[in-house]
Structures are given as C-alpha cells and as structure tokens.
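Student: I should be grateful for a close look at one part of this structure, the sheet, together with an account of the parts around it.

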Amino acid sequence: MGASKSDQFTEHQNKLSNMAKALGHPARIAIIEYLLKVDACICGDIVDVLPLAQPTVSQHLKELKNAGLIKGSIEGTAICYCIDEKGFEMIQSFFSHIQTSLENKNKNNCC
C-alpha cells in the first residue's frame, strides 16, 4: 500500500497489515514453525533446514523482524532469533475479536 494511503488507517490496522503481509510467504511460515520448534536459533541453523540460500533466509528474517513477529539478539558474530510473543498476541487478539463477533451475530442474518 502506498504511503499516501496507509496514513488514512490507524496505527493498529497498519501494524496488523504488515504482520499479515510478512506471514504471506511459505518460507516465513516455515521459519516461524522452526523457531517454535527449537525456541531459539541462529540464522545458519535456519539455512540448514530450508531449501533457500543464506541471503534469501536473511531477507525473510528481516521481514519477520520488521513486522514484529520475531526478535533477535547478537551473540558474537551470529544473530539469535526467537518468536516475539507481543506480535503474536496482537494477531491472536484480532482473530479472537473476529471469532467473538461472529459468535454473537444472528446466524440467520447473513448474506
């Protein structure tokens, strides 16, 4: 979305949109699943389990980090990545709100 249009939406809407966009690639889903499985890792570990080159994995990690879905800390010459719980709490809250709204609606009043 162009900068001229995104400013017409709330910060919350833009943040959720960026998170959804970051999750819109199967490699990024695979990275999230891997991080959930191992609880923390370095970029080299992820490269070993994905069919992608190291620069490509680094770019996907950057997108996930910029969206607030993962966080990283520098350990020597490596960066250790893990899930950013705050980001996923925001997504969970959004989907919980949708679910609650759907449950409260009259089921016969649908188009």
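**The sheet and its surroundings**

Tutor: We may begin with a single residue, glycine 72, which is found in strand E2, residues 70-75. Please bear in mind throughout that the model is predicted. Glycine 72 has a relative accessibility of 31% and therefore counts as partly exposed, since that class lies between the limits of 20% and 50%. Leaving aside neighbours within four places in sequence, glycine 72 is in contact with Lys65, Ile79, Cys80 and Tyr81. Glycine 72 and aspartate 84 are twelve residues apart in sequence, and their C-alpha atoms are 8.9 Å apart in space.

Let us now place E2 among its partners. Strands of a sheet pair through backbone hydrogen bonds, in either a parallel or an antiparallel manner. Here, three strands form an open sheet in the order E1-E3-E2, and the pairing is antiparallel. Strand E1 (41-42) and E2 stand at the edges with a single partner strand each, so one side of each has no neighbour in the sheet.

The pairing of E2 with strand E3 (residues 78-83) is antiparallel and extends over six bridges. Two positions illustrate how these strands face one another. Serine 73 stands opposite cysteine 80 in E3, while glutamate 75 has alanine 78 of E3 opposite it. The hairpin of E2 and E3 has two residues between the strands, and glycine 76 takes a positive phi near 70° in this hairpin.

We may next consider what covers these strands. Helix H5 (residues 54-66) lies across E2 and E3, and H5 runs at about 120° to E2.

From there we may turn to the core. The largest nonpolar core has 22 residues, among which Leu35, Ile46 and Leu61 touch the most other members. Two or more residues come from each of H2, helix H3 (26-38), helix H4 (43-49), H5, E3 and H6. H3 gives the most to this core, namely four residues. Isoleucine 46 offers a closer view of this region: leaving aside neighbours within four places in sequence, isoleucine 46 is in contact with Ile31, Tyr34, Leu35, Cys41, Val57 and Leu61.

Two of the contributing helices also meet one another. The axes of helix H2 (residues 11-22) and helix H6 (residues 85-104) come within 11 Å and cross at roughly 105°. This angle makes H2 roughly perpendicular to H6, because angles from 65 to 115 degrees are placed in that class. On the H2 side, the contact is made by His12, Lys15, Leu16 and Met19, and on the H6 side by Gly87, Met90, Ile91 and Phe94. The residues of this contact comprise five nonpolar, two polar and one charged.

Finally, one loop residue deserves attention. Leucine 23 is found in the loop between H2 and H3. Its relative accessible area is 25%, so leucine 23 is partly exposed. Not counting residues up to four places away in sequence, leucine 23 touches Ile29, Ile32, Leu69 and Ile91. Ile91 also belongs to the H6 side of the contact with H2. By contrast with these contacts, the C-alpha atoms of leucine 23 and valine 38, which are 15 residues apart along the chain, are separated by 19 Å.

How values were computed. Residues are numbered from 1 along each chain as its sequence is written. This is a predicted model: local features need pLDDT of at least 70, side-chain atom pairs count only at pLDDT 80 or more; totals for chains, interfaces and linings use all residues. Side-chain values use heavy atoms; hydrogens and water are left out. Axes are lines fitted to C-alpha atoms, for helices over the stretch in contact, and angles run from 0 to 180 degrees between N-to-C directions. Angles under 35 degrees count as roughly parallel, over 145 as roughly antiparallel, 65 to 115 as roughly perpendicular and the rest as oblique. Contact means heavy atoms within 4.5 Å. Ala, Val, Leu, Ile, Met, Phe, Trp, Tyr, Cys and Pro count as nonpolar, Asp, Glu, Lys and Arg as charged, and the others, Gly among them, as polar. Buried means under 20% relative accessible area, exposed over 50%, partly exposed in between (1.4 Å probe, protein chains only). Two strands pair if DSSP finds at least two bridges between them. A nonpolar core is a set of buried Ala, Val, Leu, Ile, Met, Phe, Trp, Tyr and Cys residues joined through side-chain atoms within 4.5 Å.
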